[in-house]
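Subject: A structure for you to look at

Hi,

Here is the structure I promised to pass on. Have a look at it first, and then read on for what turned up.

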Amino acid sequence: MAHFLGLGLTHYPLLAGTDEHMADLLRWTLTDPDIPAPAKDPATWPASMQAEWGSDGGLAAAAHHRKLLVENLARCRDALDDFAPDIVVVWGDDQYENFREEVVPPFCVLAYGDVDVNPFELMTRRGSPNAWSLPDDTTITLHGDAEGARRLADDLISSGFDIAYSYRKRSEAPFPHAILNTQLFLDYPNAGSRFDYRLIPITVNCYGQHAIARQGGLARFAEIADEQLDPSGPTPARCFELGRAVAQAFRSTDLRVALVASSSWSHAFLTDKTWHITPDTDADLRLYQLFVDRNYSTWKATPSHDIVASGQHEMLNWFCLTGAVDELGLDLVWSEFVTTDVFNSNKCFAVFTEGGAQ
């Protein structure tokens, strides 16, 4: 009989850099000439944001933010080690990495074997040292389960859930950082080098209308004015159903399966209505209350346009997780929500277990 653990965590890239660079996304945003000057003036910001920004551009607050994230990640790792999984399934967004103009699948099982990756590639590109003071060209090994991933894809297709699959990552492209940073952060003290669990990644087209239009990332408002939107990504309800289908596929096995949602919640750089300056914390807290109340009927009915308007694109990974835990009847035994005005995104952490055990 299969056994299951559910985890939710962040893959916030700037956590892999140093405190001096943790607010870099906000600093870049504040140089956009098409954002009204009053919106960029710290004197107009809410008191909580002014306190976080401080007189040092967020440096002291970055150390505190890091401490909270690392503590919560450690709690997730402890739960993972206590559970001792045979396989770790990770739902993570592909942010114009593996999938570009050639094809953008709504969902894709990455049926990879072991892959050596550079965990600091994004930091190096941004001119930031990594938080561990390791060489820029350091590599770690992500242990895949190619055969298990093939079986999962086949089971999903056989059950009526049409899904894409991939045997090889795009050449000359960074490995999807949502997956990479899941290992990096769950093994934070060792920079991801002591993580022997096998991974089955499932990428989700969280960026939808902005996947190609903004190349999965940052955009100035002048660029947004002329952008040609892409087709929409999968709906929250469809992501929820994928989670159910994945849980059903593993239920008949004798495996110990950890199911992981990897992403922060609303992102400032995706939230046009806040001028890309802050995440939509109010929208996040509304969804977080539904999440902790396990009000999944209302949760999964969230319209896609609400998700996009609030910069919550990457939360689709969490809708996949909740579909699985609802199907399996897992209990939410712990959760923490970390808010910020300065560091781009609010972060949620969660542990789900069978029968409330912890």
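Let's start at arginine 170, which counts as partly exposed at 25% relative accessibility (buried means under 20% relative accessible area, exposed over 50%, and partly exposed in between, using a 1.4 Å probe and protein chains only). Before going further: this is a predicted model, so local features need pLDDT of at least 70 and side-chain atom pairs count only at pLDDT 80 or more, while totals for chains, interfaces and linings use all residues. Residues are numbered from 1 along each chain as its sequence is written, and side-chain values use heavy atoms, with hydrogens and water left out.

Back to arginine 170: its side chain meets that of glutamate 102 in a salt bridge, 3.0 Å from N to O (a side-chain nitrogen of Lys or Arg within 4 Å of a carboxyl oxygen of Asp or Glu). Glutamate 102 sits in the loop between S2 and S3 and arginine 170 in the loop between S6 and H7, so this pair ties together parts 68 residues apart in sequence. (H and S stand for helices and strands, which are DSSP runs numbered from the N terminus: H or I of at least four residues, and E of at least two.) Glutamate 102 counts as exposed, at 59%.

In total there are 15 salt bridges in the structure. Another one joins glutamate 227 and arginine 214, at 3.1 Å from N to O. Here glutamate 227 is in the loop between H8 (221-225) and H9 (236-251), and arginine 214 in the loop between S7 (199-204) and H8, so the parts tied together are 13 residues apart in sequence. Arginine 214 is buried, at 5%.

Inside H9, glutamate 241 and arginine 244 also pair up, at 3.8 Å from N to O. They are 3 residues apart, about one turn of the helix. Glutamate 241 is partly exposed at 31%, whereas arginine 244 is buried at 18%. Through shared partners, salt bridges link Glu241, Arg244, Arg251, Asp326 and Glu327 into one network.

Now the sheet. It is open and mixed, with 8 strands in the order S6-S3-S7-S2-S8-S1-S10-S9 (two strands pair if DSSP finds at least two bridges between them). S6 (164-166) and S9 are the edge strands; each has a single partner, so one side of each has no neighbour in the sheet. On average, neighbouring strands are turned by 20 degrees against each other, direction ignored.

At one edge, 3 bridges connect S3 (107-110) to S6 in parallel, with cysteine 108 opposite alanine 164. S1 (3-9) is mostly covered, since 6 of its 7 residues are buried. It runs parallel to S8 (256-262), with 7 bridges between them, and leucine 7 has valine 260 as its bridge partner there. With S10 the pairing is antiparallel, through 3 bridges, one of them matching glycine 6 with phenylalanine 352.

H10 is worth a stop too. Its 12 residues (281-292) should span 16 Å at 1.5 Å a residue, and the end C-alpha atoms are indeed 16 Å apart (the expected span is 1.5 Å times one less than the number of residues). H10 lies across S9 and S10, at about 165 degrees to S9 (axes are lines fitted to C-alpha atoms, for helices over the stretch in contact, with angles from 0 to 180 degrees between N-to-C directions). Its buried residues are Thr281, Ala283, Asp284, Leu287, Tyr288, Leu290 and Phe291, covered by parts that include H11, H12, H13, S9 and S10. Tryptophan 265 is in contact with several of these, among them Asp284, Leu287, Tyr288 and Phe291 (contact means heavy atoms within 4.5 Å).

Last, two residues with unusual neighbourhoods to compare. Tyrosine 96, in the loop between S2 (87-93) and S3, has a positive phi near 55 degrees without being a glycine, and is buried at 14%. Glutamate 172 is not a glycine either and has a positive phi of about 55 degrees, but is exposed at 80%.

Cheers

Note on methods. Lists of a residue's contacts leave out its neighbours within four places in sequence.
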